[in-house]
Structures are given as structure tokens and as C-alpha cells.
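Start from the inside of this model and work outward. The sheets, the charged pairs and the loops follow in turn.

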Amino acid sequence: MEDNQITGSVPISVFNISSLQILSLAQNNLSGFLPREIGNLTKMQHLQISRNMLIGEIPKEISNLAELEELDLLVSSFSGSLPMEIFNLSGLRVIRKPPTKHRFYLTQH
């Protein structure tokens, strides 16, 4: 679904496909918030949501993605900190995020 000029919010139904392993919604015109239901994607390995107009904080439920290896958030308008729980994901190898000047940043508590 990458680079298809999809508009509106991410359909909640996508987050009910618990066996989904790869999801690329990059380079669309998606807006709104990333819902907490993202935590239902427990088999997700590669999640690309970069280059959209999503706002708000990344929900802490993203740490439920136990098999996540790659998270791409580049060119995003998210605010706040990346939930620290995500660093407990043993398979996570790549996080692509905007530089700190873009309002989204990593912090350590």
C-alpha cells in the first residue's frame, strides 16, 4: 500500500490482522493518530509508516509487536517520545526516525 496517495486515517480493520508481518503505508497522505490497536499486530516484523501526516504520540502499545525488526518513522509529524518499552523488543534492529528538529525524539528516563 506504499506510495498510493491514500488519504484519511489508517483503517482500524488493518490492526485486526494479527498474523500480518509486513505493513508499508509509507508515502501516502494518511492523517490523524496512530491508534492503540497497533498493539494487536503481534507478528509484525517490518512496519513502515514514514512520509505521512500522522500526528500525536506513538502509542505505548507498539511495544506489543514482539517480533518487530524494523520501524520506519522518517518524515513524520509525531510528537513526544518513542515509548521506552519498545527497546525491550529483542529483535528490533532498525529504527528510522526524523532528526530531533522534527519534534519526534528519543529520550531515556
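The largest nonpolar core of this predicted model has 24 residues. Six of them touch the most other members: Leu-47, Ile-49, Ile-62, Leu-68, Leu-71 and Ile-86. Such grouping fits a broad tendency: in soluble globular proteins, nonpolar side chains tend to be buried together.

Take Leu-68 and look past its neighbours within four places in sequence. What is Leu-68 in contact with there? One part of the answer is the run Met-44, Gln-45, His-46 and Leu-47. The other part is Ile-86, Leu-89, Gly-91 and Leu-92. Of these partners, Leu-47 and Ile-86 are also among the core residues that touch the most other members.

Now the sheet. Strands of a sheet pair through backbone hydrogen bonds, either parallel or antiparallel. Here an open sheet of four strands runs in the order β2-β4-β6-β9, and the pairing is parallel. Strands β2 (22-24) and β9 (94-96) form the edges, each pairing on one side only. On average, neighbouring strands of this sheet are turned by 5° against each other, with direction ignored.

In the middle of that order stand β4 and β6. Strand β4 covers residues 46-48, and strand β6 covers residues 70-72. Three bridges pair them in the parallel sense. His-46 stands opposite Glu-70 of β6. His-46 is also one of the contacts of Leu-68. Core residues sit in these strands too: Leu-47 touches many other members and falls within the 46-48 range of β4. Leu-71 is another of the six, and the 70-72 range of β6 includes it.

A further set of parallel pairings links other strands. Begin with β1 (residues 7-8), which two bridges join to β3 (residues 29-33) in parallel. Gly-8 has Leu-30 as its bridge partner in β3. From β3, three bridges lead on to β5 (residues 53-56), again running parallel. Two residue pairs mark this step. Ser-31 has Met-53 as its bridge partner in β5, and Phe-33 has Ile-55. Next, β5 is joined by two bridges to β7 (residues 77-78), also in parallel. There Gly-56 stands opposite Phe-78.

Turn to the charged side chains. How many salt bridges does the structure hold? There are two. In one, Glu-70 and Arg-96 meet at 2.5 Å, N to O. Glu-70 lies in strand β6 and Arg-96 in strand β9, so this pair ties together parts that are 26 residues apart in sequence. Glu-70 is buried, with a relative accessible area of 15%. That value is under the 20% limit for buried residues. Arg-96, at 32% relative accessibility, counts as partly exposed. Glu-70 thus appears twice in this account: opposite His-46, and in the salt bridge with Arg-96.

The other salt bridge joins Glu-67 to Lys-43, with the closest N and O atoms 3.6 Å apart. Glu-67 lies in the loop between β5 and β6 and Lys-43 in the loop between β3 and β4, so the pair ties together parts that are 24 residues apart in sequence. Is Glu-67 buried or partly exposed? Glu-67 counts as partly exposed, at 32% relative accessibility. Lys-43 is partly exposed as well, at 39%.

Two loop residues deserve a look at their backbone. Gln-27 is not a glycine, although its phi is positive, about 55°. Gln-27 is found in the loop between β2 and β3. With 29% relative accessibility, Gln-27 counts as partly exposed. Arg-51 also has a positive phi, near 55°, in a residue other than glycine. Where is Arg-51 found? Arg-51 is in the loop between β4 and β5. Arg-51 counts as partly exposed, at 38% relative accessibility.

Last comes confidence. The protein averages a pLDDT of 84, and 85% of the residues score at least 70. Residues 101-109 are another matter: their pLDDT stays under 50. The model still has 26 contacts beyond four places in sequence for this stretch. Where pLDDT is low, the predicted coordinates should not be read in detail.

How values were computed. Residues numbered from 1 in each chain as written. Predicted model: local features only at pLDDT ≥ 70, side-chain atom pairs only at ≥ 80, totals over all residues. Heavy atoms only, no water. Pairing = 2+ DSSP bridges. Axes fitted to C-alpha atoms, helices over the stretch in contact; angles between N-to-C directions. Core = buried A, V, L, I, M, F, W, Y, C linked by side-chain atoms within 4.5 Å. Buried < 20%, exposed > 50% of the residue type's maximum accessible area, 1.4 Å probe, protein only. Contact = heavy atoms within 4.5 Å. pLDDT = per-residue confidence, 0-100. Salt bridge = Lys/Arg side-chain N within 4 Å of Asp/Glu carboxyl O.
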